[in-house]
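Student: I'd like a close look at a single part of this protein, with enough of the rest to place it. Could you walk me through it in one go?

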Amino acid sequence: MTSQIENAQSPWTSFLAHLFMILVAWTVFIKYLLPIGFALAANEAWATYIYWDLWPVAHLWLAWALLARPWYTRLLAIGMSVVEILIITTLFIWFLAEPEWSIWRTNWFVNKVFVLSAVVLVLGTAVFRPETLKMRSS
């Protein structure tokens with residue numbers, strides 16, 4: 001039998017999970033719905049302004065894992081955070097060498113700033129407060 005404290009969701013972990021759900025919604029809007037709507041309104045091919053990737057799916061998985069806390073949550077948090085930090089930092093270096101401040105690239109840049117901030121918070125949590133990511137007792 002487990003106590004309520006062992007099963008309680010950490011407010012911080014819950015915050016991070018919900019932050020990632022908001023990022024998923026925002027990313028889907030900024031990277032997919034807005035560009036599709038603009039392209040259709042401009043009578044262009046619907047995929048003209050989309051920068052394709054599957055990060056919203058990965059972020060939704062991380063959000064779910066932060067709430068459900070399966071055994072691999074900490075590994076997922078560290079792995080995904082490190083990979084994203086490396087990718088985003090590299091993309092920022094390339095972008096800032098020759099920035100193109102169109103509406104589409106600016107949206108991309110702002111989105112990546114928020115995603116980078118979120119994954120840094122998750123990595124910090126996984127490294128400095130790993131107990132908040134432990135598997136829930138059933």
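Tutor: Let's start with the whole chain, settle on one buried residue, and then visit a few other spots.

First, keep in mind that this is a predicted model. The average pLDDT is 92, and 93% of the residues score at least 70. The weak stretch is residues 1-5, where pLDDT stays under 50. The model has three contacts beyond four places in sequence for that stretch. Where pLDDT is low, the predicted coordinates shouldn't be read in detail.

Now the overall build. The protein has five helices and zero strands, so reading from the N terminus you simply get α-α-α-α-α. The C-alpha trace spans about 60 × 30 × 20 Å along its principal axes. Of the 138 residues, 37% count as buried. If you take the contacts between residues at least 6 apart in sequence, 68% of them join residues at least 24 apart. As for the outside, the protein exposes about 8,200 Å², with carbon and sulfur atoms supplying 73% of that.

The part to zoom in on is leucine 62, which sits in helix α3, residues 55-68. Is leucine 62 buried or exposed? Its relative accessibility is 0%, so leucine 62 counts as buried. What does leucine 62 touch, once you leave aside neighbours within four places in sequence? The list is Phe20, Leu76, Ala77, Met80 and Val122. You can place some of those partners by their numbers: helix α2 covers residues 11-41, α4 covers 73-97, and α5 covers 103-128. Alanine 17 is worth finding as well: its C-alpha is 7.3 Å from that of leucine 62, although the two are 45 residues apart in sequence.

Just past the end of α3 comes arginine 69, in the loop between α3 and α4. Arginine 69 has a positive phi of about 50° even though it isn't a glycine. With a relative accessible area of 5%, under the 20% cut-off, arginine 69 is buried.

Compare that with asparagine 43, in the loop between α2 and α3. Asparagine 43 also has a positive phi, near 60°, and again it is a residue other than glycine. Here the relative accessibility is 74%, over the 50% cut-off, so asparagine 43 counts as exposed.

Next, go to helix α5 and pick out threonine 125. Threonine 125 counts as buried because its relative accessibility is 4%. Where does a polar atom of its side chain point you? It lies 2.9 Å from the backbone oxygen of leucine 121. Beyond four places in sequence, threonine 125 touches Trp12, Leu16, Pro130, Thr132 and Leu133.

Finally, turn to the surface. Val28, Phe29, Leu33 and Leu34 make a nonpolar patch of about 310 Å². One of them, valine 28, lies in helix α2, and at 30% relative accessibility valine 28 counts as partly exposed.

Methods
Residues numbered from 1 in each chain as written. Predicted model: local features only at pLDDT ≥ 70, side-chain atom pairs only at ≥ 80, totals over all residues. Heavy atoms only, no water. Helix = DSSP H or I, 4+ residues; strand = E, 2+ residues; numbered from the N terminus. Buried < 20%, exposed > 50% of the residue type's maximum accessible area, 1.4 Å probe, protein only. Polar contact = N/O pair within 3.5 Å; in protein donor to acceptor, adjacent residues only side chain to side chain. Contact = heavy atoms within 4.5 Å. Patch = residues over 30% accessible without salt bridge, like charges linked within 9 Å, V, L, I, M, F, W, Y side chains within 5 Å. Areas by Shrake-Rupley, 256 points an atom, 1.4 Å probe, with all protein chains shown as cover. Salt bridge = Lys/Arg side-chain N within 4 Å of Asp/Glu carboxyl O. pLDDT = per-residue confidence, 0-100.
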